Amino acid sequence: MNRRNFLSLSALTATGFTACSKSSTAPANAPVRFGHFPNITHVQGLVAHALSRQGKGWYEERLGVPVEWYVFNAGPEAMQSIFGQALDVTYIGPSPVLNGYARSKGKEVRVLAGAANGGSALVVRKDSGIKTAADFKGKKIASPEVGNTQDVQLRAWLADQGIKVTLTGGEATIMPTKNPDLLGLFQQGALDAAWTAEPWVTRLELDTGATVFLDDKKTNVALLAAGVTFLNERPELAKKLAAAHRELTDWINAHPAEARALIKSELKALTKSEPPDAVLDKALARVTLTNDISRPSLEQMVQSAQKANFLQDIPALDQLLVNP
């Protein structure tokens, strides 16, 4: 694996994004292929997907075309789908977006809006013996996927504590682990800690007695990102989509009870298990929905990726952020 580009992506095209329209190669009624994760940090995706299931599609009504939903465990997998042109737009964390932007020399991905801040944490298992940062030496720590936002934050944080890690070992072992598997591994004592996102933070607390060691409340943890091909081929639809997302964020903030019911039903549909009310309430309280893109948060993520030796060169962020 190339340490400068920590996500192995499909072959890249040389397409560049321009604000002007051009002849679309996609049929006018072609569906929008939309991604999100089964995480509380992707509230807008959960709500919109639930409404689609009910035949009341939020995006469908505002775009006038069908929406096909795709669910991913973490960002690198979603970004590969963007690069392979199998996905048009997705809710996603900043680290995979920045890596994709760097990998394509600024040509393949754009951020349309913010989505959520906070909602992730470094959690330690009960009886792990971890009391201070130095105690992470020799421990097994989970992250959702190599190169995703929590993985990069974890590696950078460990570096700040003077704990050296590599892709396969070091003074602590980072184990890529799907979020739903965390509960069993914590209960078995197979993991000592995990940096993960809600609702898994709260699930680990309430179901296994784990404690939060570091609570990340500031990171722009979820963004709305799109492939440049989609933006080039369907610019007017992209404008409608960005506007619909902002409207959805505002609606969720104004109708918390209705949104909560939709989130609960969608998580049950995706995970085959209805989240307990105590988990849902605590997890939602840790997440702040926002349409704003935090430039300082993105710049901090660049620094974290560089600190973890995952990223060196990246174009200026100016063209990454668009308002279609």
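**Salt bridges, helix packing and selected residue environments**

In the predicted model, D277 is partly exposed, with a relative accessible area of 38%. This value falls in the intermediate class because residues count as buried under 20% and as exposed over 50%. Side chains of opposite charge can pair when their charged atoms come close. The side chain of D277 takes part in such a pairing with that of R260, a salt bridge with an N to O distance of 3.1 Å. The bridge joins distant parts of the chain: R260 belongs to helix α10 (residues 256-271), D277 belongs to helix α11, and the two residues are 17 residues apart. R260 is likewise classed as partly exposed, its relative accessibility being 22%.

R260 also forms a salt bridge with D281, in which the closest N and O atoms are 2.7 Å apart. Because D281 lies in helix α11 and R260 in helix α10, this pair ties together parts of the chain that are 21 residues apart in sequence. D281 has a relative accessible area of 41% and is therefore partly exposed. Elsewhere, E198, E205, D215, K282 and R286 are joined into one network by salt bridges that share partners. Over the whole structure, the search finds 19 salt bridges.

Two members of this network, E205 and R286, pair directly, their side chains meeting in a salt bridge at 2.9 Å from N to O. This pair, too, connects distant parts of the chain, with E205 in helix α7 (residues 200-208) and R286 in the loop between α11 (277-285) and β11 (287-289), 81 residues apart. In contrast to the partly exposed R260, both E205 and R286 are buried.

The setting of E205 was examined further through its helix. Helix α7 is mostly covered, since 7 of its 9 residues are buried. The buried residues are W200, V201, T202, R203, L204, E205 and T208. Among the elements that cover these residues are the strands β5 (120-124), β8 (193-197) and β9 (211-216), together with the helices α6 (182-188) and α11. Just after α7, G209 adopts a positive phi of about 80 degrees.

Helix packing was considered next. Two packed helices are described by the angle between their axes and the distance between the axes. For α5 and helix α12 (residues 295-307), the axes come within 8 Å and cross at roughly 65 degrees. The crossing of α5 past α12 is left-handed. On the side of α5, the contact is made by T149, V152, Q153, A156, A159 and D160, and on the side of α12 by M301, S304, A305 and K307. An α-helix has 3.6 residues a turn, so residues three or four places apart point the same way. By chemical class, the residues of the contact between α5 and α12 comprise 5 nonpolar, 3 polar and 2 charged residues.

Helix α5 also contains D151. With a relative accessibility of 0%, D151 counts as buried. When neighbours within four places in sequence are set aside, D151 is in contact with S143, E145, V146, I174 and F310. The C-alpha atoms of D151 and A134 are separated by 19 Å, the two residues being 17 residues apart along the chain.

G162 is placed in the loop between α5 (149-160) and β7 (173-176). Its relative accessibility of 46% makes G162 partly exposed. Apart from residues up to four places away in sequence, G162 touches K137 and E171. G162 and T229 are 67 residues apart in sequence, and their C-alpha atoms are 42 Å apart in space.

A further residue environment is that of T90, which is found in strand β3 (residues 89-92). The relative accessible area of T90 is 1%, and T90 is therefore buried. Its side chain reaches the backbone oxygen of G35 at 3.1 Å. Residues up to four places away in sequence being left out, T90 touches F34, G35, H36, A78, L223, L224 and A225. G35 thus appears both as a residue touched by T90 and as the owner of the backbone oxygen that the T90 side chain reaches.

Methods
Residues are numbered from 1 along each chain as its sequence is written. This is a predicted model: local features need pLDDT of at least 70, side-chain atom pairs count only at pLDDT 80 or more; totals for chains, interfaces and linings use all residues. Side-chain values use heavy atoms; hydrogens and water are left out. Helices (H or I, at least four residues) and strands (E, at least two) are DSSP runs, numbered from the N terminus. Buried means under 20% relative accessible area, exposed over 50%, partly exposed in between (1.4 Å probe, protein chains only). A polar contact is a pair of N or O atoms within 3.5 Å; within protein, one must be able to donate a hydrogen and the other to accept it, and residues adjacent in sequence count only if both atoms are side-chain atoms. Contact means heavy atoms within 4.5 Å. A salt bridge is a side-chain nitrogen of Lys or Arg within 4 Å of a carboxyl oxygen of Asp or Glu. Axes are lines fitted to C-alpha atoms, for helices over the stretch in contact, and angles run from 0 to 180 degrees between N-to-C directions. A crossing is left-handed if the near helix is turned anticlockwise from the far one by less than a right angle, and right-handed if clockwise. Ala, Val, Leu, Ile, Met, Phe, Trp, Tyr, Cys and Pro count as nonpolar, Asp, Glu, Lys and Arg as charged, and the others, Gly among them, as polar.
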